Amino acid sequence: METTDAQQGKDFIEKRIFGKMPDGQTVEKYTLRNASGMEIDVITYGGIITRWTAPDKNGSYEDIVLGFDDLQQYLDGNPYFGALIGRYGNRIANGKFSLDGETYTLATNDGENHLHGGEKGFDKVLWQAKGESVADGASLELTYTSADGEEGYPGKLDVKVTYTLTGDNELDVRYEATTDKPTIVNLTQHSYFNLSGDFTQSVLDHELFLDADAYLPVDGGLIPTGELRAVSGTPFDFKQPKMMGKEINAENEQLALGKGYDHCWVLNPKEGNYGLAAAAYHPKTGRLLEVYTNEPGIQFYSGNFLDGTLPAQKGGTYGQRAGFCLETQHYPDTPNQEGFPSVRLNPGETYSSRTTFKLSTK
Ligand code: BGC
């Protein structure tokens, strides 16, 4: 019998057809594997992570991210399940910003505000993909060129996102972009995690740690007011691990505005500008997710707007708080806020952002 690469433990990537776009273009699905048995499915539509298996404390693997089994369900609309987000992750007030004296108008696809790149953001485009096996794991490079003026943003933006699954159950996500005109960029990943592996359960029994002394309070449209508010003594304090559900229903103006947690935390500065930003732990299964980044902020979204209308992968529906997102990013509405770290990208510069999701058990 011939020995395949897989048997030698070398071939950790597989490509299949996932479906066809309405215009006939093929959407591919890549499965990234590692030597210990973790699997991550990524489709070329939106760079979406559709499935991500992780072991519990007894070694039993289950899917831990909300998603769908077929393309049509993604095309029918959903709140950014597993997707790459760009050009600007999170909100821009009134869909307007100025750069060098010129005002740009973006789609207002979230009430009066712009959200997650607009009507057809990076979550809804087809990416070019190149996959390869690496030591004990696999890597998938996704590229996309966003035309000058796409969704209202200035400059032709060349974007590269590399997902690398390592042998240590880490998914390393590297984002790069270059432009031919001054522009703004803020890329992120929008996976909804449920570490229980049971998507009919809410995530409120997960413990959360956020390495942040402050967060950004918002107005009624979830736009930051500009204030950096200390978390101490408030339901927003996750400096010590705390159940997501512990104070989510507390009397609190900010929780009322977000219908739960839907805010950006100001990450504490890290030595070397990259480090642990957040950790989520599910005590029953022992699954632990750690998030490392070089970004200054993280949006913790507790899945408040999931409403039980979308069918869940393993039966039932995705109910309120069936998943949580930890979106590493620059702060929302930065282009309109003096004092927030800049999101400007100039020609000749390379936007570079890194986030690592590490799964383990304890
Ligand atoms: C936002 C939420 C929004 C969700 C899905 C999150 O990143 O913070 O407000 O509802 O994405 O659209």
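**Close-up views of the ligand site and the cavity**

**View 1. The shell of residues around the ligand.** By class, the shell around the ligand in this predicted model is made up of seven nonpolar, three polar and three charged residues. There are 13 residues around the ligand, and those that come nearest are R91, H116, H190, D262 and E327. As for its setting in the protein, the ligand sits in the largest pocket.

**View 2. Polar side chains facing oxygen atoms of the ligand.** In the side chain of H190, an N or O atom is 2.8 Å from an oxygen atom of the ligand, and for the side chain of H116 the distance between such an atom and a ligand oxygen is 2.9 Å. The side chain of Q299 also takes part in this view, with an N or O atom 3.3 Å from an oxygen atom of the ligand. On its own the ligand has 310 Å² of accessible area, and the protein covers 94% of that area.

**View 3. The cavity and its lining.** Rolling a probe the size of a water molecule over the atoms shows where empty space is left. The structure holds one cavity of 30 Å³ or more, and the volume of the largest cavity is about 30 Å³. The lining of the largest cavity is formed by G86, R87, G117, K120, G121, F122, S146, E150, E151 and Y153. Sorted by class, the residues that line the largest cavity are two nonpolar, four polar and four charged.

Note on methods
Residues are numbered from 1 along each chain as its sequence is written. This is a predicted model: local features need pLDDT of at least 70, side-chain atom pairs count only at pLDDT 80 or more; totals for chains, interfaces and linings use all residues. Side-chain values use heavy atoms; hydrogens and water are left out. On a 1 Å grid over the protein atoms alone, a cavity is a set of points where a 1.4 Å probe fits but cannot get out, and a pocket is an open set with protein on both sides within 12 Å along at least five of seven lines; lining residues have an atom within 4 Å of a point. Grid points are joined across faces, edges and corners, and a volume is the space filled by probe spheres set on the points. Ala, Val, Leu, Ile, Met, Phe, Trp, Tyr, Cys and Pro count as nonpolar, Asp, Glu, Lys and Arg as charged, and the others, Gly among them, as polar. A residue is near a molecule or strand if one of its heavy atoms lies within 4 Å of it. A polar contact is a pair of N or O atoms within 3.5 Å; within protein, one must be able to donate a hydrogen and the other to accept it, and residues adjacent in sequence count only if both atoms are side-chain atoms. Accessible areas come from the Shrake-Rupley method with a 1.4 Å probe; for residues, only the protein chains shown count as cover. A molecule sits in a cavity or pocket if more than half of its atoms lie within 2 Å of its grid points.
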